[in-house]
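This report covers a metal site, pockets, ring pairs and backbone details in turn. Please keep the sequence and the structure in view while reading.

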Amino acid sequence: MTHLKITELTPTFGVEISGFDPKAPLDDATRKQLQDLFDTRKLLIFRDIDLPHPDQTRIGLMLIGKEHEFSLEKLREDNFYISNKRAEAAAPFGRLQFHADTMWAEKPFEVLSLYGVEVEQPAASTTFVNGVDAWNTLPDDLRKRIEGLEVLHTAGAVRRGDMSGVLVTEVDNPPYTITKLGLRHPRTGETVLYACEQMTKEIVGLPHDESEAILKEVFDHLYRPEGQLEHHWREGDYVVWDNIALQHARGPVSLDGPARTLRKAASPMPQLRPDQIPAWKKEAV
Ligand SMILES: [Fe+2]
């Protein structure tokens, strides 16, 4: 068994792991240890490692017990970068509000990771919050009021809160989904406080003002400063997290600022609501 050194980063989530070689064969005991850490701590950080893209994706799938789904074929579709310097990269500038990637899909990405390919300082940090801890620490009266409520998440632009410098993406006919505000995590069975400032449009069935008032209370709790973990990027950082339990946000990035190129890997591919799958895709199945 590989000896891993584990350092907890906050009281409720996040660990930094050293002593792990992503290219070495993985023994069963170490695999189990990493999977258990991923389920309990939800965010793993490895620093100063050399991580080719296939290993980045394969390790992410391994952490959720789906290593058998790894294929080089799928990898080519999934090879992309978050960068202010690289052509055709995603999110090249601006600030990103808290969100979980593809939260608007019926089945969103379960695991998401970023790898520091080129990072000049000072690079904008990525900040995380833990929706499971947020649910568990809700004030009793608020939990009672929101238990059973449903929320609508959309890929369309939701403008709320401090929008200064925020990168807003307009989408025609945006996909959306409806979930419980207290969502049962599909793998761990925990309850996640599942709403975000970037993509959650409304509480289903409530008047707009009432919906916004409840969401404000939810966000005030979810994004409380003491519940946040801020990661400062360096080259060779591999940060992998549970995209259902955690949300992430990033500070401002500019095109002429320090280079910040992060390689992203996300699995498995998200699934849309049946009524939103384009006809050509249905025919192809
Ligand atoms: Fe994201």
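## Iron site

H99 and H248 are both buried (buried means under 20% relative accessible area, exposed over 50%, and partly exposed in between, with a 1.4 Å probe and protein chains only). The model is a predicted one, in which local features need pLDDT of at least 70, side-chain atom pairs count only at pLDDT 80 or more, and totals for chains, interfaces and linings use all residues. Residues are numbered from 1 along each chain as its sequence is written, and side-chain values use heavy atoms, with hydrogens and water left out.

The iron ion has H99 (NE2), D101 (OD) and H248 (NE2) as its protein donors, at 2.1 to 2.2 Å. Donors are N, O and S atoms within 2.8 Å of the metal (3.2 Å for Na, K and Ca); water is not among the atoms, so sites may look incomplete. Along the sequence the donor residues follow the spacing H-x1-D-x146-H. Distant parts of the chain are linked here, since H99 belongs to strand β5 and H248 to strand β15, 149 residues apart. Strands (E, at least two residues) and helices (H or I, at least four) are DSSP runs, numbered from the N terminus.

## Pockets

The largest pocket holds about 880 Å³ of space. Its lining has 38 residues, and H99, D101, Q198, M199 and K264 lie nearest its centre. Two or more lining residues come from each of β4 (80–83), β5 (94–99), β6 (111–119), β15 (246–253) and β16 (260–267). The largest share, four residues, is that of β16.

The second largest pocket has a volume of about 350 Å³. E106, K107, P108, P186 and I244 are the closest to its centre among the 19 residues that line it. β9 (176–180) and β10 (182–184) each supply at least two lining residues, and β9 gives the most, with three.

A pocket is defined on a 1 Å grid over the protein atoms alone, as an open set of points where a 1.4 Å probe fits, with protein on both sides within 12 Å along at least five of seven lines; lining residues have an atom within 4 Å of a point. Points are joined across faces, edges and corners, and the volume is the space filled by probe spheres set on them.

The table gives the make-up of the two linings. Ala, Val, Leu, Ile, Met, Phe, Trp, Tyr, Cys and Pro count as nonpolar, Asp, Glu, Lys and Arg as charged, and the others, Gly among them, as polar.

| Pocket | Nonpolar | Polar | Charged |
|---|---|---|---|
| Largest pocket | 23 residues | nine residues | six residues |
| Second largest pocket | ten residues | three residues | six residues |

## Aromatic rings

There are five aromatic pairs in the structure. Rings of Phe, Tyr and Trp (its six-membered ring) pair if their centres lie within 6.5 Å; planes under 30 degrees apart count as stacked, over 60 as edge-to-face and the rest as tilted. One of the pairs is F20 with F46, which is tilted, at 5.2 Å centre to centre and 45° between the planes. F20 sits in the loop between β2 (15–18) and α1 (28–41), and F46 sits in strand β3 (residues 43–46), 26 residues apart.

F46 also pairs with Y238: the centres are 5.6 Å apart and the planes at 20°, so this pair is stacked. Y238 is in strand β14 (residues 238–242), 192 residues from F46. F46 is buried, with a relative accessible area of 2%, and Y238 is buried at 0%. Ring pairs thus join F20, F46 and Y238 in a cluster.

## Helix α2 and the backbone

Helix α2 (residues 53–63) is largely enclosed by the rest of the structure, because nine of its eleven residues are buried. Just after α2, G65 has a positive phi of about 75°.

Most residues other than glycine have a negative phi, and most peptide bonds are trans. T102, in the loop between β5 and β6, has a positive phi near 55° and is buried at 8% relative accessibility. N173, in the loop between β8 (150–154) and β9, has a positive phi near 45°, and N173 is exposed, at 74%.

Q121 and P122 are joined by a cis peptide bond with omega about 0°. Another cis peptide bond joins S267 and P268, with omega about -25°; P268 lies in the loop between β16 and α7 (279–284).
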